[in-house]
Amino acid sequence: MKNAPLPDKPFRILPAVTDQNAHFWCGGKYDELCFLRCDVCATYVHPPAPVCPECLGRELSPEPVSGDARILTYTINHHPWIPGFEPPYVVAIVEIDEQPGLRLMTNIVGCSPDSVSIGMRVEAVFEDAGEDGIFIPLFQPHRDYAA
Ligand SMILES: [Zn+2]
């Protein structure tokens, strides 16, 4: 994972950072993609919740993952829905390597939208939102993907 200086940073509607989700939105400052993880059964829980859905444990702690993932599905948006967020761009659902079902909706950056495919290996990269310590987790082609 790298805090790549992303050119032409698009306008984004930013999340509201709370004590419950700060680990997720602010972990990029430390180059870390973090999720809550159950202290009892080690299940990653996302979106953040007060109770583990697997064992109903109530002790969950933020823990960084590798940031490596694969694309489950994606769409290329060609419509300028948000002023300043220029199409085309890729909206994808990625699954994090550490746990089946641990999924994020995100954007794929650092490559042509035409080069994106289902099953493609990707890695987390963070975009400094410039407010509230927020670093948006995005994904780019995996460093090993060129092989
Ligand atoms: Zn649990």
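Strand 6 gives the most to the lining of the largest pocket in this predicted model, contributing four residues, and that pocket has a volume of about 390 Å³. Elsewhere in the predicted model, a zinc ion is coordinated by the SG atoms of C38, C41, C52 and C55, while ring pairs link F24, W25, F35 and Y44 into a cluster. The points below take up the pocket, the zinc site, the aromatic rings and the backbone in turn.

**The largest pocket**

- The lining of the largest pocket consists of 16 residues, and those that lie nearest its centre are R12, M105, T106, N107 and I136.
- Strand 6 (103–108), which supplies four residues and so gives the most to this lining, is one of several elements that each supply at least two, the others being helix 1 (22–26), strand 5 (89–96) and strand 8 (135–141).
- In chemical character, the lining of the largest pocket divides into 13 nonpolar residues, two polar residues and one charged residue.

**The zinc site**

- The zinc ion has four sulfur donors, namely the SG atoms of C38, C41, C52 and C55, which coordinate the ion at 2.2 to 2.3 Å.
- The angles subtended by the four donor atoms around the zinc ion run from 100 to 116°, and the arrangement is therefore tetrahedral, given that four donors count as tetrahedral if all angles lie between 85 and 135 degrees.
- Along the chain, the donors of the zinc ion follow the spacing C-x2-C-x10-C-x2-C.
- Because C38 lies in strand 1 (residues 33–38) and C52 lies in the loop between strand 2 (44–45) and strand 3 (60–65), this pair of donors ties together parts that are 14 residues apart in sequence.
- C38 and C52 are both buried, whereas V40, at 63% relative accessibility, counts as exposed.
- V40 is placed in the loop between strand 1 and strand 2, and its C-alpha is 9.9 Å in space from that of E54, a residue 14 positions apart from V40 in sequence.

**Aromatic rings**

- The structure holds three aromatic pairs, and in one of them the rings of F24 and W25 have their centres 4.9 Å apart with their planes at 80°, so this pair is edge-to-face.
- Another pair is formed by F35 and Y44, whose ring centres are 6.5 Å apart and whose planes stand at 75°, so that this pair, too, is edge-to-face, since planes over 60 degrees apart count in this way.
- Taken together, F24, W25, F35 and Y44 are linked into a cluster by ring pairs.
- Among the members of this cluster, F24 is buried with a relative accessible area of 6%, F35 counts as buried at 0% relative accessibility, and Y44 is buried with a relative accessible area of 7%.

**Cis peptide bonds**

- Most residues other than glycine have a negative phi, and most peptide bonds are trans.
- The peptide bond from H46 to P47 is, however, cis, with omega near 0°, and P47 is placed in the loop between strand 2 and strand 3.
- P87 and P88 are likewise joined by a cis peptide bond, with omega of about -5°, and P88 has its place in the loop between strand 4 (68–77) and strand 5.

**Positive phi values**

- D31, which lies in the loop between helix 1 and strand 1, has a phi near 60°, a positive value in a residue other than glycine.
- At 24% relative accessibility, D31 counts as partly exposed, and its C-alpha is 9.4 Å in space from that of P64, although D31 and P64 are 33 residues apart in sequence.
- D132 has a phi near 55°, which is also a positive value in a residue other than glycine, and D132 is found in the loop between strand 7 (121–128) and strand 8.
- With a relative accessible area of 60%, D132 is exposed, whereas D31 counts as partly exposed.

Conventions:
Residues numbered from 1 in each chain as written. Predicted model: local features only at pLDDT ≥ 70, side-chain atom pairs only at ≥ 80, totals over all residues. Heavy atoms only, no water. Donors = N, O, S within 2.8 Å, 3.2 Å for Na, K, Ca; no water. Tetrahedral: all angles 85-135°; square planar, octahedral: opposite > 155°, others 65-115°. Buried < 20%, exposed > 50% of the residue type's maximum accessible area, 1.4 Å probe, protein only. 1 Å grid on protein atoms, 1.4 Å probe; cavity = no way out; pocket = protein on both sides within 12 Å on 5 of 7 lines; lining within 4 Å. Points joined across faces, edges and corners; volume = space filled by probe spheres on them. Nonpolar A, V, L, I, M, F, W, Y, C, P; charged D, E, K, R; others polar. Phe/Tyr/Trp six-rings, centres within 6.5 Å; stacked < 30°, edge-to-face > 60°.
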